[in-house]
Amino acid sequence: MYRHSQGKRFDFPPGRSIAGKYTIERPLGSGWEGEVYVIIEKLTGIRRAAKFYYPHRDPMGKAAIAYARKLDALRHCPILMQYHHQEIASVKRKKVTVVISELIEGQKLSEFLAHQPRQRLSTFEALHVLYALAKGIAPIHSRGEYHGDIHDDNIMIRRQGINFELKLLDFFDLGKPTRSKIHKDVLNLIEVFHIITGGRKNYARQPKVVKDIIRGLKDSLILERFQSAGDIQRHLENLEWS
(Lines give C-alpha, C1' and ligand atoms only; values in the text may rest on other atoms or scores of the structure.)
Protein backbone atom coordinates (compact mmCIF):
# COMPACT_ATOMS: atom_id res chain seq x y z
CA MET A 1 0.00 0.00 0.00
CA TYR A 2 1.18 3.52 -0.75
CA ARG A 3 3.03 5.14 2.16
CA HIS A 4 3.66 8.84 2.55
CA SER A 5 6.87 10.37 3.83
CA GLN A 6 6.94 11.27 7.50
CA GLY A 7 5.42 14.69 8.09
CA LYS A 8 2.59 14.35 5.57
CA ARG A 9 0.87 11.50 7.37
CA PHE A 10 -1.66 12.03 10.15
CA ASP A 11 -0.66 9.06 12.36
CA PHE A 12 -3.33 9.89 14.92
CA PRO A 13 -2.67 8.28 18.31
CA PRO A 14 -5.44 6.36 20.11
CA GLY A 15 -7.51 8.65 22.27
CA ARG A 16 -7.09 11.76 20.12
CA SER A 17 -10.21 13.92 19.91
CA ILE A 18 -11.45 14.81 16.41
CA ALA A 19 -13.82 17.69 15.63
CA GLY A 20 -14.92 17.65 19.28
CA LYS A 21 -17.25 14.75 18.48
CA TYR A 22 -15.10 11.67 17.99
CA THR A 23 -12.23 9.81 19.59
CA ILE A 24 -9.65 7.87 17.60
CA GLU A 25 -9.60 4.19 18.57
CA ARG A 26 -7.13 2.65 16.12
CA PRO A 27 -5.94 2.85 12.49
CA LEU A 28 -7.47 0.62 9.80
CA GLY A 29 -5.22 1.43 6.86
CA SER A 30 -3.81 4.12 4.61
CA GLY A 31 -3.54 4.87 0.93
CA TRP A 32 -2.68 7.52 -1.61
CA GLU A 33 -5.62 9.78 -0.66
CA GLY A 34 -5.60 9.48 3.11
CA GLU A 35 -5.95 7.31 6.19
CA VAL A 36 -8.83 5.29 7.65
CA TYR A 37 -9.42 4.94 11.39
CA VAL A 38 -11.89 3.35 13.77
CA ILE A 39 -13.49 6.21 15.67
CA ILE A 40 -15.96 6.41 18.57
CA GLU A 41 -18.78 8.94 18.67
CA LYS A 42 -18.42 10.65 22.03
CA LEU A 43 -22.14 11.28 22.47
CA THR A 44 -23.38 7.76 21.66
CA GLY A 45 -20.36 5.49 22.06
CA ILE A 46 -21.05 4.13 18.55
CA ARG A 47 -17.99 3.02 16.64
CA ARG A 48 -17.61 4.16 13.03
CA ALA A 49 -15.01 4.20 10.28
CA ALA A 50 -13.56 7.55 9.27
CA LYS A 51 -11.50 8.32 6.18
CA PHE A 52 -9.29 11.40 6.60
CA TYR A 53 -8.19 12.97 3.31
CA TYR A 54 -4.69 14.42 3.02
CA PRO A 55 -5.10 18.17 2.35
CA HIS A 56 -2.34 18.12 -0.27
CA ARG A 57 -4.13 15.31 -2.14
CA ASP A 58 -7.65 16.74 -1.97
CA PRO A 59 -7.35 20.50 -1.25
CA MET A 60 -10.85 21.34 -2.50
CA GLY A 61 -12.59 18.29 -1.06
CA LYS A 62 -13.66 17.09 -4.52
CA ALA A 63 -12.37 13.52 -4.08
CA ALA A 64 -14.18 13.17 -0.76
CA ILE A 65 -17.42 14.41 -2.33
CA ALA A 66 -17.08 11.99 -5.27
CA TYR A 67 -16.35 9.15 -2.83
CA ALA A 68 -19.42 9.93 -0.70
CA ARG A 69 -21.66 10.25 -3.75
CA LYS A 70 -20.50 6.93 -5.13
CA LEU A 71 -21.12 5.18 -1.82
CA ASP A 72 -24.58 6.75 -1.64
CA ALA A 73 -25.44 5.84 -5.25
CA LEU A 74 -24.51 2.21 -4.52
CA ARG A 75 -26.06 2.11 -1.03
CA HIS A 76 -28.33 -0.79 -2.00
CA CYS A 77 -25.30 -3.01 -2.62
CA PRO A 78 -24.73 -4.68 0.78
CA ILE A 79 -21.12 -5.66 0.06
CA LEU A 80 -20.18 -1.96 0.32
CA MET A 81 -19.88 -0.01 3.54
CA GLN A 82 -22.71 2.44 4.10
CA TYR A 83 -22.00 6.17 3.95
CA HIS A 84 -23.14 8.36 6.86
CA HIS A 85 -21.92 11.92 6.50
CA GLN A 86 -18.94 14.25 6.17
CA GLU A 87 -17.12 16.36 8.70
CA ILE A 88 -14.45 19.04 8.50
CA ALA A 89 -11.70 18.64 11.11
CA SER A 90 -8.77 20.90 11.88
CA VAL A 91 -5.42 19.10 11.86
CA LYS A 92 -2.25 21.16 12.36
CA ARG A 93 -4.28 24.25 11.48
CA LYS A 94 -5.38 22.80 8.16
CA LYS A 95 -8.91 21.85 7.20
CA VAL A 96 -9.24 18.13 6.62
CA THR A 97 -12.26 16.45 5.02
CA VAL A 98 -13.47 13.37 6.88
CA VAL A 99 -15.94 10.84 5.43
CA ILE A 100 -17.80 8.93 8.16
CA SER A 101 -19.19 5.49 7.30
CA GLU A 102 -20.24 2.28 8.98
CA LEU A 103 -17.56 0.24 10.69
CA ILE A 104 -17.02 -3.09 9.02
CA GLU A 105 -16.21 -5.86 11.47
CA GLY A 106 -13.85 -8.72 10.69
CA GLN A 107 -10.31 -9.06 9.38
CA LYS A 108 -8.64 -8.03 6.19
CA LEU A 109 -8.59 -11.03 3.87
CA SER A 110 -4.78 -10.89 3.77
CA GLU A 111 -4.64 -11.13 7.58
CA PHE A 112 -7.28 -13.86 7.64
CA LEU A 113 -5.26 -15.97 5.17
CA ALA A 114 -2.08 -15.54 7.21
CA HIS A 115 -3.74 -17.43 10.06
CA GLN A 116 -5.07 -20.30 7.94
CA PRO A 117 -3.30 -23.67 7.54
CA ARG A 118 -0.66 -23.20 4.79
CA GLN A 119 -1.96 -19.62 4.38
CA ARG A 120 -4.74 -20.67 2.03
CA LEU A 121 -8.33 -21.91 2.01
CA SER A 122 -9.67 -25.25 0.96
CA THR A 123 -11.24 -25.47 -2.48
CA PHE A 124 -14.75 -25.47 -1.04
CA GLU A 125 -14.06 -22.49 1.24
CA ALA A 126 -12.37 -20.55 -1.55
CA LEU A 127 -15.34 -21.09 -3.86
CA HIS A 128 -17.66 -19.81 -1.11
CA VAL A 129 -15.55 -16.67 -0.72
CA LEU A 130 -15.44 -16.06 -4.48
CA TYR A 131 -19.21 -16.58 -4.69
CA ALA A 132 -19.87 -14.09 -1.89
CA LEU A 133 -17.65 -11.53 -3.62
CA ALA A 134 -19.13 -12.10 -7.08
CA LYS A 135 -22.71 -12.00 -5.79
CA GLY A 136 -21.98 -8.79 -3.90
CA ILE A 137 -20.26 -7.05 -6.81
CA ALA A 138 -22.72 -8.25 -9.49
CA PRO A 139 -25.33 -5.52 -8.74
CA ILE A 140 -22.58 -2.89 -8.96
CA HIS A 141 -21.61 -4.12 -12.43
CA SER A 142 -25.26 -4.45 -13.48
CA ARG A 143 -25.61 -0.71 -12.84
CA GLY A 144 -22.67 -0.09 -15.15
CA GLU A 145 -20.50 0.87 -12.16
CA TYR A 146 -17.26 -0.63 -10.90
CA HIS A 147 -15.14 -0.79 -7.73
CA GLY A 148 -11.66 -0.28 -9.12
CA ASP A 149 -9.58 -1.50 -6.18
CA ILE A 150 -10.33 -5.15 -5.38
CA HIS A 151 -7.48 -6.91 -3.59
CA ASP A 152 -6.90 -8.93 -0.43
CA ASP A 153 -6.05 -5.84 1.66
CA ASN A 154 -9.30 -4.15 0.63
CA ILE A 155 -11.66 -6.97 1.55
CA MET A 156 -12.97 -7.58 5.07
CA ILE A 157 -13.98 -11.12 5.93
CA ARG A 158 -15.76 -12.75 8.85
CA ARG A 159 -16.90 -16.33 9.30
CA GLN A 160 -20.66 -16.66 9.78
CA GLY A 161 -21.44 -20.31 10.52
CA ILE A 162 -20.62 -22.26 7.37
CA ASN A 163 -20.59 -19.09 5.28
CA PHE A 164 -18.41 -16.00 5.02
CA GLU A 165 -19.52 -12.39 5.34
CA LEU A 166 -17.49 -10.09 3.11
CA LYS A 167 -17.33 -6.34 2.67
CA LEU A 168 -15.33 -4.18 0.30
CA LEU A 169 -13.44 -1.23 1.68
CA ASP A 170 -12.02 1.76 -0.12
CA PHE A 171 -12.74 2.83 -3.67
CA PHE A 172 -9.66 4.22 -5.36
CA ASP A 173 -10.62 5.07 -8.93
CA LEU A 174 -13.66 7.37 -8.92
CA GLY A 175 -13.62 8.12 -12.63
CA LYS A 176 -16.22 7.52 -15.30
CA PRO A 177 -17.35 3.89 -15.53
CA THR A 178 -16.20 1.98 -18.62
CA ARG A 179 -16.37 -1.61 -19.78
CA SER A 180 -12.60 -1.94 -19.36
CA LYS A 181 -12.87 -0.89 -15.70
CA ILE A 182 -15.52 -3.52 -15.07
CA HIS A 183 -13.20 -6.02 -16.75
CA LYS A 184 -10.43 -4.93 -14.38
CA ASP A 185 -12.74 -5.76 -11.44
CA VAL A 186 -13.28 -9.22 -12.96
CA LEU A 187 -9.55 -9.83 -13.36
CA ASN A 188 -8.94 -8.64 -9.81
CA LEU A 189 -11.61 -11.00 -8.49
CA ILE A 190 -9.93 -13.94 -10.20
CA GLU A 191 -6.56 -12.80 -8.84
CA VAL A 192 -8.02 -12.80 -5.31
CA PHE A 193 -9.37 -16.32 -5.91
CA HIS A 194 -5.91 -17.36 -7.11
CA ILE A 195 -4.38 -15.99 -3.91
CA ILE A 196 -6.82 -17.67 -1.53
CA THR A 197 -6.36 -21.05 -3.23
CA GLY A 198 -2.61 -20.88 -2.64
CA GLY A 199 -1.23 -18.87 -5.54
CA ARG A 200 1.23 -19.91 -8.20
CA LYS A 201 3.05 -22.54 -6.12
CA ASN A 202 -0.17 -24.55 -5.67
CA TYR A 203 -1.80 -23.93 -9.04
CA ALA A 204 -0.54 -27.08 -10.79
CA ARG A 205 -2.19 -29.25 -8.11
CA GLN A 206 -5.55 -27.48 -8.19
CA PRO A 207 -8.65 -29.43 -9.26
CA LYS A 208 -10.29 -28.70 -12.60
CA VAL A 209 -13.07 -26.68 -10.94
CA VAL A 210 -10.46 -24.16 -9.78
CA LYS A 211 -8.40 -24.09 -12.98
CA ASP A 212 -11.57 -23.54 -15.03
CA ILE A 213 -11.99 -20.24 -13.15
CA ILE A 214 -8.39 -19.03 -12.87
CA ARG A 215 -7.51 -20.06 -16.44
CA GLY A 216 -3.80 -19.64 -15.89
CA LEU A 217 -4.39 -15.97 -14.99
CA LYS A 218 -4.51 -15.21 -18.72
CA ASP A 219 -6.55 -12.02 -19.11
CA SER A 220 -7.90 -12.96 -22.53
CA LEU A 221 -9.01 -16.42 -21.37
CA ILE A 222 -10.64 -15.06 -18.21
CA LEU A 223 -12.54 -12.33 -20.08
CA GLU A 224 -13.56 -14.84 -22.74
CA ARG A 225 -15.60 -16.58 -20.01
CA PHE A 226 -16.37 -13.79 -17.53
CA GLN A 227 -17.40 -10.29 -18.60
CA SER A 228 -18.73 -9.21 -15.20
CA ALA A 229 -19.07 -10.37 -11.61
CA GLY A 230 -22.55 -11.60 -12.54
CA ASP A 231 -20.98 -14.06 -14.99
CA ILE A 232 -18.77 -15.45 -12.20
CA GLN A 233 -21.80 -15.71 -9.92
CA ARG A 234 -23.81 -17.66 -12.51
CA HIS A 235 -20.85 -19.92 -13.28
CA LEU A 236 -20.56 -20.86 -9.61
CA GLU A 237 -24.31 -21.39 -9.22
CA ASN A 238 -24.23 -23.89 -12.07
CA LEU A 239 -21.11 -25.84 -11.13
CA GLU A 240 -21.31 -29.60 -11.66
CA TRP A 241 -19.27 -31.62 -9.19
CA SER A 242 -17.79 -34.93 -10.17
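Reader: In which sense do β7 and strand β8 pair, and over how many bridges?

Author: Good place to start, and do keep in mind that this is a predicted model. Strands of a sheet pair through backbone hydrogen bonds, either parallel or antiparallel. Here β7 and strand β8 (residues 155-160) pair in the antiparallel sense, over 2 bridges. To find the place on screen, look for Q107, which stands opposite I157 in β8.

Reader: What is the order of the strands in the open sheet that holds β7, β8 and β9?

Author: The order is β7-β8-β9, an open sheet of 3 strands with antiparallel pairing. Its edge strands are β7 (107-108) and β9, each of which pairs on one side only. Now add the helix: α3 packs on this sheet and touches β8 and β9. The direction of α3 makes about 45° with that of β9.

Reader: Which elements give two or more residues to the lining of the second largest pocket, and what is its volume?

Author: First the general idea. Rolling a probe the size of a water molecule over the atoms shows where empty space is left. In this model, the second largest pocket has a volume of about 240 Å³. The elements that give two or more residues to its lining are α3 (123-142) and β9 (163-168). Of the elements, α3 gives the most, with 6 residues.

Reader: How many residues line the second largest pocket, and which lie nearest its centre?

Author: The lining has 13 residues, and A132, K135, G136, F164 and L166 lie nearest the centre of the pocket. By kind, the lining divides into 7 nonpolar, 3 polar and 3 charged residues.

Reader: Let me move to the other sheet. In what order do the 6 strands of the open sheet come?

Author: Going across the sheet, you meet β1-β2-β3-β4-β6-β5, with antiparallel pairing. Notice that β6 sits between β4 and β5 in that order. The edge strands are β1 (17-18) and β5, and each pairs on one side only. At the β1 edge, 2 bridges join β1 to β2, and the bridge partner of I18 in β2 is Y22.

Reader: How many bridges join β5 to β6, and how many residues lie between them in the hairpin?

Author: Strand β5 (residues 83-91) and strand β6 (residues 94-102) run antiparallel and are joined by 8 bridges. The hairpin they form has 2 residues between the strands. In the turn, K92 has a positive phi of about 50°. Two pairs help you follow the strands: S90 stands opposite K95 in β6, and I88 stands opposite T97 in β6.

Reader: What joins β6 to β4?

Author: There are 5 bridges between β4 and β6, and these strands run antiparallel. Look for A50, which stands opposite I100 in β6.

Reader: Which helix lies across β4, β5 and β6?

Author: That is helix α1 (residues 62-73), which runs at about 165° to β5.

Reader: One last feature. How many salt bridges does a search of the whole structure find?

Author: Side chains of opposite charge can pair when their charged atoms come close. The search finds 14 salt bridges. One of them is formed by K51 with E33, whose closest N and O atoms are 2.8 Å apart. This pair links distant parts of the chain, 18 residues apart. K51 belongs to strand β4 (residues 47-53), while E33 is in the loop between β2 (22-30) and β3 (34-41).

Methods. Residues numbered from 1 in each chain as written. Predicted model: local features only at pLDDT ≥ 70, side-chain atom pairs only at ≥ 80, totals over all residues. Heavy atoms only, no water. Pairing = 2+ DSSP bridges. Helix = DSSP H or I, 4+ residues; strand = E, 2+ residues; numbered from the N terminus. 1 Å grid on protein atoms, 1.4 Å probe; cavity = no way out; pocket = protein on both sides within 12 Å on 5 of 7 lines; lining within 4 Å. Points joined across faces, edges and corners; volume = space filled by probe spheres on them. Nonpolar A, V, L, I, M, F, W, Y, C, P; charged D, E, K, R; others polar. Contact = heavy atoms within 4.5 Å. Axes fitted to C-alpha atoms, helices over the stretch in contact; angles between N-to-C directions. Salt bridge = Lys/Arg side-chain N within 4 Å of Asp/Glu carboxyl O.
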